[in-house]
Amino acid sequence: MSLDKPVFDIFVQPKLSLYNIEKDGSRTKANKAINKYMDFFNSDIKVKRVFVQGDPGIGKSTFLTKLVLDWCNVVSVHNPDNKATFTDAKTLKDFQFLFHISLRDAMGQREVIEMIKAQIIDNIYYTGAKQTKVFELLQQILERETCLITMDGLNEWVDHLNQHVVPRIPSSQTNCVSIITTRPWKMADERIKVSEIDRLLEIEGITDSEQLIKQLILSLQTGNNRTLTEFMTFVNERHFMHSLTSPWIQALIVNVWISKTDVRGSLCEMNCVLLDLLFKKANATEGSFKNGCSIECLSSTRYIKKQLNIFNALANAAFQFTFSSNKSLTFSKQELGKYLSKTHLQFCLNAGVLTARFVSVNVAQGLQFSFTHETVQEFLAAFHIANSKHDLLANFKPEHKYNVLEMSQTVIYLYGLHCETGNKLLNRLVDGDFLSDISKGLSLYIKHYRENLSAFQRDKYTKETVLKSNLNQMNCDARCLAISVLFQQMVIAVLNEANTSGQKEISLKCMDFTFNEYLLDSDSKALKQLLIFNKSNVRSLILESNVLEESELLSVMQQSKNSLERLKTTVTPEIYKALHNLKIKELHFIGQIEESSLSNVLPSLSNLIYFSIEDSNLLERTLLPGTLQDIYLLKCTCTAVFLRRLLVYLSFLKHDVQLYFEAVTVTDSNTQIFQSEILLCDMTNINLNIEQGNTAQYDTLRFTSIGALGLHTAGDVSLASNIMCTLSKLTQLDLFGTYSERCTLQLPDTLQCISLNEVECSSEWLCSLLIALSRLDHSVECVLWDVVLQPCEFSCGDDSKTQISDLRLEMLSFDMSNMTISVKNGSVELFESIRDTNIGTLNLFTAECASLASKIMYTLKKLKKLILWGTYSERCTLPMSATLQCISLQKVECSAEWLCRLLIALSRLDHSVECELWDVVLQPCTFSCGDDSKTQISDLRLEMLSLDMPNMTIFVKNGSVKLFEILRDTNIGTLNLFTADCATLASKILCTLKNLKKLILWGTYSERCTLQLPATLQCISVHKVECSAEWLCSLLIALSRLDHSVECKLWDVVLQPYEFSCGDDSNTHISDLRLEMLSFDMPNMTIFVEKGSVELFEILRDTNLGTLNLFTADCVSLASKIMYTLKKLKKLILWGTYGGRCTLQLPETLQCISLQKVKCSAEWLCSLLIELSSLDHFVECELWDVVLQPCEFSCGDDSKTQISYLR
């Protein structure tokens, strides 16, 4: 193991698998082996970044090294005898340059070009001038030439600014392709976006394990006296077969065998053997642990005892470098000097436990050190924790909830060394959030994915294709499933290591257990051992294989009755009994159920929200609890009566319910039993999904009031087409499958949304669907989540071309202004299908969709609203339709340049336009990316400031300082701020908005209003606001300082309670504010009130406002108590409904009363006119839209007399 051998001597072709990155972000293992370099780079999209994941010691670094050598041999043959990894090595010749980077040696560096300079240029050229010249050449090469950049060990690198998860390659270097190796847990990092993964491969091992062993035996012995047969005998005798999982372990075991070392086979023991051999290499003094050792795996070593101080110092260093806040796999001599003397450091270098690399003549430390392998560092860190007399974990705080997976190897080692300490570490790492994610992942698993789900395969990753989940949450859901898989694999490895190491009283806590076909027998046995130990605290028990006896299962159910939430199992009479009154939430039965027994037990499960039956006949009614939210029937046969009873029962639930039928056969649909009941009930709360249904199933649904329907195959759509138009309350339709020719679906008039999820279709089918939707006389949304248009549509003969052409002409003739089209995964062909159409709203869920749509957007002559999501950089080139009235940025990350250009484009429209910034994050460093970038942004801002934007309204919900700085000094006309935080951020630039006429506020405000209002403001509109009296008073004072007419609209203002009773200081403060407010002249101010209160109008008492506009009769009633105090009120505007006599006490200054939209009695109107006539000056009464209530003069003698007196 310590010998330095050429790669060619021991290299064996790796076993590589491809993962398809689905458009929804899930990762599906393809049924295709990778055996060509061409498979790395050939794809439907331009491949820029290839990730190669694999477990520790699986051969990632060796593979990348061999690839580099293959490239060297192809471009300039050095050794024609060396066999390339793949037969198509000439594919690599497409790359003019290759740069190999070790990411563990790139700590503190963020740019790939910096890494190339430090690791290659600075090691070749020693003078500054030459380095500078070659670096300039490097920049040109990366921008002009086709380059391959190989980066080894992404999991060993972190961005010290925590902004990038992958080393940065500038977008200008368009011809650079990178291959990056990493451990699987790194690929579960949510910061690695789907758009950044062009290709994902996994090294699962090697294609010929026997060949590697043969080559290792030949490489490690002097003669040829040891054979493969002898080695396999050794492996079988010591039960090492399960350990032959990676090249690194194979090499270690061969090394142990060659050295004739006797071991039991734990990973800890293997590491000790390795370190013992390395110490021997450094001429260590021999000495054994005659009296044993507290760490058992050290007992059989021969060269560590006499150097135990070095071993302990190494372990301390490994711990510090692994668990410190700045985890590092490379370190300087100065950092190592804290733990190792010069002599000890040299010993470790001689042994090969540590390696050193020359970094650069410009780097002060000169050398970078690292352990020979990351797993060695992790083992030594675990050893230090286990061997320490102090509780090293007491102050340990995980950085985030996924730390336990990142540190899984250390946890495994620690259980092999000292179980009690391992338990402490695991308990500290596994927090509530992490356990919640596991629970969510297992909930997704139990809720049925596709038949070929391979979430628990030995490839250490999951197939994350989610069948029934909110697509907006797809990535989060897939990650939770991955975490549940990885954590179970980790605890199995932990238990195996503890058992093999001879640990007693393991006490490993685990709550979730999944037994399925993907587990090896040995792993299944280990998991069962863990289950039996934890059987009083089981949360999830998924039994897809018969590993438990009935008695064992019953024991688990009994002892975990207060914790069991999730169960999947076959069922027996005894299990029915054991289920009674459990707190279970998710239940899945496999096999024939007994309906009467089931009806007895299910109502007692008061927490049950998900229930599934697989492979059973269902004949009668089954009683269900009212808590159910999801029901899933799989491969079942049921009668039409059973289905009708089920639907009727679910319709009476007070919440929405998901009902999923997969491969369910319905019989006896001709019977009329329960037919009238199903037609009378309201089933709009039921979301029904059907996959592989039959005719009888759809006949049963005819004329029902289902609210949402999902059809998962084209066959289901064909069957449903016969009854679709009878579904009188259907609002949502989800389609999956493959479709050709014309769409003949007769859509119900009630449909509001149709969603194409995983659909492959012809242009003809899609066009005819859009035509059918456009015939609906109300707003409708067509969501294109994942639509692939079949190729060659326009080249299938003259008849086909004519047909498509006629369809397009027909589609273009329809008014689609009520239609919203949403696209998540688009294509050129898809957007060409909607060219020149009259759609009203376009919703684009990715930047890629926006880019594709930009080519046809200007042709959408009736487009009024554009909604964007995604990440945008550089220049915004979206052509704005002349009809556009609103652009809405939902969840968008963008550069300042992109946002500026968008606002400039909007300002060029010659009509009112809204720009909604709901959740916009500006990319960092925009204003500090070089002089050119600064100049560009500066020029853009000057251009933006020169444009007139009085017709533009900007909405902001989640703002930032940088976002509002972009708006500084602009000429926008209206600003709408949805939170108090936004108002605070905007206050710093508000006074610079020289053309701002309207300000709209939402949110909660306390203390004094400090908004600096621009002099141009004509209206402030307070919508849904909760505020203090102090805040409102100071706002009115600020408005009164404006020297022109201004409106203050109080639409829905709630004053915070106890403002006037919060102590003497508060009373005095409010009193001073009111005195200040009363001193201001407000004749130019109009106050609008829609939802008032006594406290609100009390604030207006005695003020000098000029106009009061009251939108309801309630407001008028509340205002009547203070109206006479308004000494300068000249105009009163009323809306609403009034009866009885008008009791308004009008102020003497009133010159005009305006009745806008008023419904009133003759008595009320007469008394109002009488009140007006009592004023001793000219007064106007505007009756704009007044409706007198009927029957006023025929409501009895008293009423007539009263009206008569008034007249």
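Biologist: Which unit do β23, helix α27 and β24 make?
Modeller: In this predicted model, β23, helix α27 (residues 763-774) and β24 make a right-handed β-α-β unit. Right-handed means that, with the strands pointing away from the viewer, the path from the first strand over the helix to the second runs clockwise. Helices (H or I, at least four residues) and strands (E, at least two) are DSSP runs, numbered from the N terminus.

Biologist: How many bridges join β23 to β24?
Modeller: Seven bridges join β23 to strand β24 (residues 780-789), and the two run parallel. Valine 759 stands opposite valine 787 in β24.

Biologist: And in what sense do β22 and β23 pair?
Modeller: Strand β22 (residues 732-739) pairs with β23 in the parallel sense, over seven bridges; pairing requires at least two DSSP bridges between two strands. Here glycine 737 is opposite valine 759 of β23.

Biologist: Is β23 mostly covered or not, and how many of its residues are buried?
Modeller: Strand β23 (residues 753-761) is mostly covered, with seven of its nine residues buried, that is, under 20% relative accessible area with a 1.4 Å probe, protein chains only.

Biologist: Changing topic, at what angle do α9 and α12 pack?
Modeller: Helix α9 (residues 267-281) packs with helix α12 (residues 342-351) at about 105 degrees, their axes 7 Å apart. Axes are lines fitted to C-alpha atoms over the stretch in contact, and angles run from 0 to 180 degrees between N-to-C directions. The angle therefore makes α9 roughly perpendicular to α12, a term for 65 to 115 degrees.

Biologist: Any conventions to note?
Modeller: Residues are numbered from 1 along each chain as its sequence is written. Local features need pLDDT of at least 70, side-chain atom pairs count only at pLDDT 80 or more, totals for chains, interfaces and linings use all residues, and side-chain values use heavy atoms, leaving out hydrogens and water.

Conventions. Angles under 35 degrees count as roughly parallel, over 145 as roughly antiparallel, 65 to 115 as roughly perpendicular and the rest as oblique. Buried means under 20% relative accessible area, exposed over 50%, partly exposed in between (1.4 Å probe, protein chains only).
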